[in-house]
Amino acid sequence: MDKWRGAAAVCMNDKNELLMVLQGKPEEKKTWTVPSGGIFEGESLEQCCERETFEETGYLIRVGERLQTKRGRIGKTDIRVDYFFCWVTGAAMQIHDPDHLIHEIRWVSKEELTKLQLSFPEDQPFLNQMLIKQKEGVDRT
């Protein structure tokens with residue numbers, strides 16, 4: 001049995017918007033997700049989160065607390081993705097994706113989020129809750 005492990009960045013700005021990327025292979029329908037990807041050998045989950053966010057969005061981030069761990073299975077592969085609360089600390093919005101799977105970067109509001117087709121629809125309630133908590137001023141340091 002194979003195992004795949006990755007990390008995802010839940011980044012929000014001071015307007016209570018969530019950082020999202022439009023992704024997909026050329027032949028696929030494009031869908032939205034938070035910046036995320038698979039861990040490289042010798043890399044920590046936090047380093048993976050930082051690298052993937054930079055590749056997909058151009059932003060440098062600081063990784064905070066682990067928010068949730070999602071487990072699943074695709075075929076014979078066990079999947080585990082750890083979601084982290086993150087802050088943008090520098091750089092500018094620009095795609096650096098070596099896999100050429102990212103097509104757009106956008107900051108989205110809670111209202112916009114509900115209208116996007118997500119890569120992982122099961123993330124919708126979790127992401128909505130994060131936007132509500134941030135709006136209420138929950139400190140994630």
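Which element of the chain has the lowest mean pLDDT, and which the highest? Hold on to that for a moment, everyone, and thanks for coming.

What we have on the screen is a predicted model. Over the chain, the average pLDDT is 92, and 94% of the residues score at least 70. Now back to my opening question: helix α3, residues 124–135, comes out lowest among the elements with a mean of 84, while β2 comes out highest with 98.

Let's go to the sheets, beginning with the one that contains β1. Here 4 strands make an open sheet, and reading across you get β4-β1-β6-β5, with mixed pairing. At the edges sit β4 and β5, each of which pairs on one side only. From one strand to the next, the twist averages 20°.

Where does the mixed pairing show up? Have a look at both sides of β1. On one side, strand β1 (residues 2–11) runs parallel to strand β6 (residues 77–91), and 10 bridges join them. If you want a landmark there, take R5, whose bridge partner in β6 is R80. With strand β4 (residues 36–38), β1 runs antiparallel, and this time 3 bridges do the joining. The landmark in that pairing is A8, standing opposite S36 in β4.

On to the other sheet. It is open too, with 3 strands in the order β3-β2-β7 and antiparallel pairing. Its edge strands are β3 (31–33) and β7 (102–108), each pairing on one side only. Ignoring direction, neighbouring strands in this sheet are turned by 30° against each other on average. Strand β2 (residues 18–23), the one with the highest mean pLDDT, is joined to β3 by 3 bridges, and the two run antiparallel. Within that pairing, V21 has T33 of β3 as its bridge partner.

Now for the empty space. Rolling a probe the size of a water molecule over the atoms shows where such space is left. The largest pocket here has a volume of about 850 Å³. Of its 34 lining residues, the closest to the centre are W4, Q23, S36, G37 and F120. You'll recognise S36 as the residue opposite A8. Which elements give two or more residues to this lining? They are β1, β3, β4, α1 (45–57), β5 (59–74) and β6. Strand β5 gives the most, with 5 residues. By type, the pocket lining divides into 12 nonpolar, 9 polar and 13 charged residues.

What about enclosed space? Searching the whole structure turns up 1 cavity of 30 Å³ or more, and about 30 Å³ of space lies in it. Lining it are M20, W32, T33, V34, L118, S119, F120, D123 and L127. Two of those names should ring a bell: T33 is the bridge partner of V21, and F120 was among the residues closest to the pocket centre. This lining splits into 6 nonpolar, 2 polar and 1 charged.

Last stop, the aromatics. The structure holds 3 aromatic pairs, and I'd like to show you one of them. The rings of Y59 and W107 have centres 5.9 Å apart and planes at 55°, so this pair counts as tilted. It also links distant parts of the chain, with Y59 in strand β5 and W107 in strand β7, 48 residues apart. Recall that β5 is an edge strand of the mixed sheet, and β7 an edge strand of the antiparallel one.

That's my tour, and I'm happy to take questions.

Technical notes
Residues are numbered from 1 along each chain as its sequence is written. This is a predicted model: local features need pLDDT of at least 70, side-chain atom pairs count only at pLDDT 80 or more; totals for chains, interfaces and linings use all residues. Side-chain values use heavy atoms; hydrogens and water are left out. Two strands pair if DSSP finds at least two bridges between them. Axes are lines fitted to C-alpha atoms, for helices over the stretch in contact, and angles run from 0 to 180 degrees between N-to-C directions. pLDDT is the predictor's confidence in each residue, from 0 to 100. On a 1 Å grid over the protein atoms alone, a cavity is a set of points where a 1.4 Å probe fits but cannot get out, and a pocket is an open set with protein on both sides within 12 Å along at least five of seven lines; lining residues have an atom within 4 Å of a point. Grid points are joined across faces, edges and corners, and a volume is the space filled by probe spheres set on the points. Ala, Val, Leu, Ile, Met, Phe, Trp, Tyr, Cys and Pro count as nonpolar, Asp, Glu, Lys and Arg as charged, and the others, Gly among them, as polar. Rings of Phe, Tyr and Trp (its six-membered ring) pair if their centres lie within 6.5 Å; planes under 30 degrees apart count as stacked, over 60 as edge-to-face and the rest as tilted.
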